[in-house]
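Trainee: Please take me through this model one topic at a time, with the reasoning set out before each answer.

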Amino acid sequence: MKYSLGIDLGTTFSVVSIIDENGAPKVLKNKEGNTLTPSVIYFSGEEIIVGDDAKEMQAMGDNNIACFFKRNMGDENFVLEFQNKYYNAEDLSVIVLKKLKKDAEDFLKAEVKDAVITVPAYFNNIQRQSTINAGKRAEFNVLSILNEPTAAAMAYGMKASGENKNILVYDLGGGTFDVTLVHIGEELIKVLSTDGDHELGGKDWDDRIAMYIGEKFFEKFGVNPMDDIEYYNDILVKCENVKKHLSKRESTDISIYYCDLSEKFTITKEIFLGLTGDLLQRTKSLSDDVIKSAGLTWEDIDGVLPVGGSTRMPMVLDFIKEVSKKEPIVGINVDEAVSIGAAIKASMENATNTPTLRREEKALFTLGGYKKTEDVMSHSLGMIALNSTGERYINSIIIEKNKKIPCTEKRPYEIRTGRNRNNVLEVYMLQGESEEISDCTILGKYVFYDIEYVGRKPSIIDIEYSYNKNGVVDVFATQRETAKKLPLKIEKLSEDFIFEEELNEKEEAVHKNIVIAIDLSGSMRGKPLEEAIEASKTFVDSIDEGSFSLALIGFADKVKTLINLTEDREEIFRAIDGLKKADVGTSTMSEPFSEAYNILKDAYGDCFVVVLTDGQWYGKKDIMAEVNKCKEYEIEIAAIGFGNAKKDFLDKIATCEENSIFTEVSNLKQSFSRIAKVISRSDGSIKIFQKSNSIKLR
Ligand code: AMP
């Protein structure tokens, strides 16, 4: 038979289960003959040892130990060094998973590939991805990632009779706390809401005892053994044992030997409760929130299901009874429930994913009590956007937390595309509830590229944000005009990343290419040309935003390019002065647009032509055809005229009314600087941040 594993990859212990031939859950034993494998790794000289032996080495005070690393899953700054090699939490999880796989295969005497791995419901995208990666790296085919409380509810739901019940799964493990409200129906286990704290777990109870003892020791001897890294682990292991003893007795003793000093401490249940009462209160306020966010009260809760090793502490069970006013649900093994739920899920996944399964085999997986599940995500998915007043960047939520997964939200974005440049759309994805970006987890900068140029009108990019069945974020984008699915790259952001700075960089305008075309016919000689020269210089000075290149054309009988596109201001000013000597004849027989088109057609960025004329053009060429060719190519045209120029002609050649100016010679400077402002304002830059309230739905 092909087995699929349900793996509870725990902070302190890991457990592996299967659904056996009879459709019954079975918890597998490891090589050492135990169902719980400590998630502890010992790096000895050549060997890497996982599990009970490693835990023993830890108890003996060896420091080549990695433990509790699940808390740091996905944290880039968490790196441990053993024997000159570096390991992050994912690497360490791979080591544990490989041991679990090997032991399961030995136990089952069969190769196993498929697995469902559980994660705290509180895990964010990065932590989920990292868990999936670890599974793959341990050579598993990861069927899915399942929230631990949901898994526990599945194990419980299998036993529960058919009635409708609201159950609060209170999962206090070694390093995490998850609380999940589940509705168990006849055929469906539906998660209503979930929350948690991934920095709250049994280890905090151990730490409190260790701190207490350290302080007492210090009071007596003036040294604190907890400050000594050599003794730290050893004392923590002892404190964990104290905690466990207190689950059975009223008080227990702990002896500490340090620097030839020794002392015995007695810890009573009362002292222990005094040291840790606030930790219980933290679980209470998270439980309150979860019930409230499902629109229910404690009275609507039919029972609390304790899960996770730390719920063995009597103080936890007393506390549950006190707040729920009901006896906690018993009869389910708190250590094994999660992995059993995962095994159920794995069988169900396999049954649905394997259409070739024979009917009897399928039936096996849907034996009585197996219920479908509906899960939710514990974090809202958002993106950085400007707030409604456009003053500040906030987390704009796209998918609210506690929404059923998988789920998708679609949003359209308008962006200006540019010719001959890599048009990209950048979205900064976040997870968290707060409007404050700094309170959220930044998932990364999602960059969609290869957006095609669609002309001056904005392109519409439809973005689909999803949580898939694993609670992992998927983001897809399609360019509406081209129906093209856009390729995506996800860039990680450094910790010191500052949005305002990044944004200011982005606001830098797209490069502008401007051709100034000056009519040099006879009537322009003298004062008009002098004024035109000064006005052109003013124009150059007025375009102060972003980068631009400028070309200069003189036209009369002939057309002449006095300077091709350049960014060198000195050169531009010299060319403008050179207008006086340009030899292009005396009558306006030519037009500047075909020449301007040639100059601009391969230019990178946005393109403009500014024409100055003082009269009528008599050329044989179809001027409007040349003008239209420019316009079709998205070249923006501004026309300034005076003297004998005709306003309706200027209107015809200019791209819009604002770009058509009929004026006096003495006002040329003003008119040119007005056009310069229009061009400067013409922001071709891609809008990466949409105002949160201005996303236009079409
Ligand atoms: P889990 O992550 O669910 O395996 O839970 C592990 C946590 O449960 C650790 O912090 C253990 O110290 C704690 N734990 C296990 N057994 C007991 C017990 N009998 N009393 C108190 N805490 C326990």
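Mentor: Before any loop or strand is named, note that helices (H or I, at least four residues) and strands (E, at least two) are DSSP runs, numbered from the N terminus. The model is predicted, so local features need pLDDT of at least 70 and side-chain atom pairs count only at pLDDT 80 or more, while totals for chains, interfaces and linings use all residues. Residues are numbered from 1 along each chain as its sequence is written, and side-chain values use heavy atoms, with hydrogens and water left out.

Trainee: How far apart are the centres of domain 1 and domain 3?

Mentor: The bounds come from an automatic or database domain assignment, which divides the protein chain into domain 1 (4–201 + 276–375), domain 2 (381–506) and domain 3 (512–681). Taken over C-alpha atoms, the separation between the centres of domain 1 and domain 3 is 72 Å.

Trainee: Which helix gives the largest share of the largest nonpolar core?

Mentor: A nonpolar core is a set of buried Ala, Val, Leu, Ile, Met, Phe, Trp, Tyr and Cys residues joined through side-chain atoms within 4.5 Å, where buried means under 20% relative accessible area, exposed over 50% and partly exposed in between (1.4 Å probe, protein chains only). The largest core has 40 residues, and Leu-168, Tyr-170, Trp-205, Ile-213 and Ile-267 touch the most other members. Among the elements that each supply at least two residues of this core are strand S12 (165–172), helix H5 (202–221) and helix H7 (269–293). The largest share, seven residues, comes from H7.

Trainee: How many residues are in the second, separate core?

Mentor: Its members include Val-16, Met-73, Ala-115 and Phe-123. The size of this second core is 37 residues.

Trainee: Which strands stand at the edges of the open sheet of four strands?

Mentor: Two strands pair if DSSP finds at least two bridges between them, and in this sheet the pairing is antiparallel, in the order S22-S25-S26-S27. Two of these strands each have a single partner strand, so one side of each is left without a neighbour in the sheet. The edge strands are S22 (407–415) and S27 (484–485).

Trainee: Which residue has its backbone oxygen 2.8 Å from a polar atom of the side chain of Gln-479?

Mentor: Gln-479 is placed in strand S26, where it is the bridge partner of Ile-461, and S25 (residues 459–467) and S26 (residues 473–479) pair over seven antiparallel bridges. With a relative accessible area of 0%, Gln-479 is buried, and its contacts (heavy atoms within 4.5 Å), not counting residues up to four places away in sequence, include Thr-417, Ile-451, Val-454 and Leu-486. The backbone oxygen that lies 2.8 Å from the polar side-chain atom of Gln-479 belongs to Glu-452.

Trainee: How many residues of strand S29 are buried?

Mentor: Strand S29 (residues 512–519) pairs in the parallel sense with strand S32 (residues 606–613) over seven bridges, and eight bridges join S29 to strand S30 (residues 548–555), also parallel. In a regular strand the side chains alternate between the two faces of the sheet. Here Lys-512, Ile-514, Ile-516 and Ile-518 point one way and Asn-513, Val-515, Ala-517 and Asp-519 the other way, and all are buried. The count for S29 is therefore eight of its eight residues.

Trainee: How many disulfides does the structure hold?

Mentor: A disulfide is a pair of cysteine sulfur atoms within 2.5 Å. The sulfur of Cys-67 is 14 Å from the closest cysteine sulfur, in Cys-239, which is too far for a bond, and the sulfur of Cys-607 is 9.5 Å from the closest one, in Cys-630, again too far. Cys-67 is buried at 18% relative accessible area, as is Cys-607 at 1%. The number of disulfides is zero.

Trainee: Is Glu-139 buried, partly exposed or exposed?

Mentor: Glu-139 is found in the loop between helix H3 (125–137) and strand S11 (141–147), and its phi is near 65°, a positive value in a residue other than glycine. Phe-68 also has a positive phi, near 55°, and is buried at 16% relative accessible area. At 49% relative accessibility, Glu-139 counts as partly exposed.

Key. A polar contact is a pair of N or O atoms within 3.5 Å; within protein, one must be able to donate a hydrogen and the other to accept it, and residues adjacent in sequence count only if both atoms are side-chain atoms.
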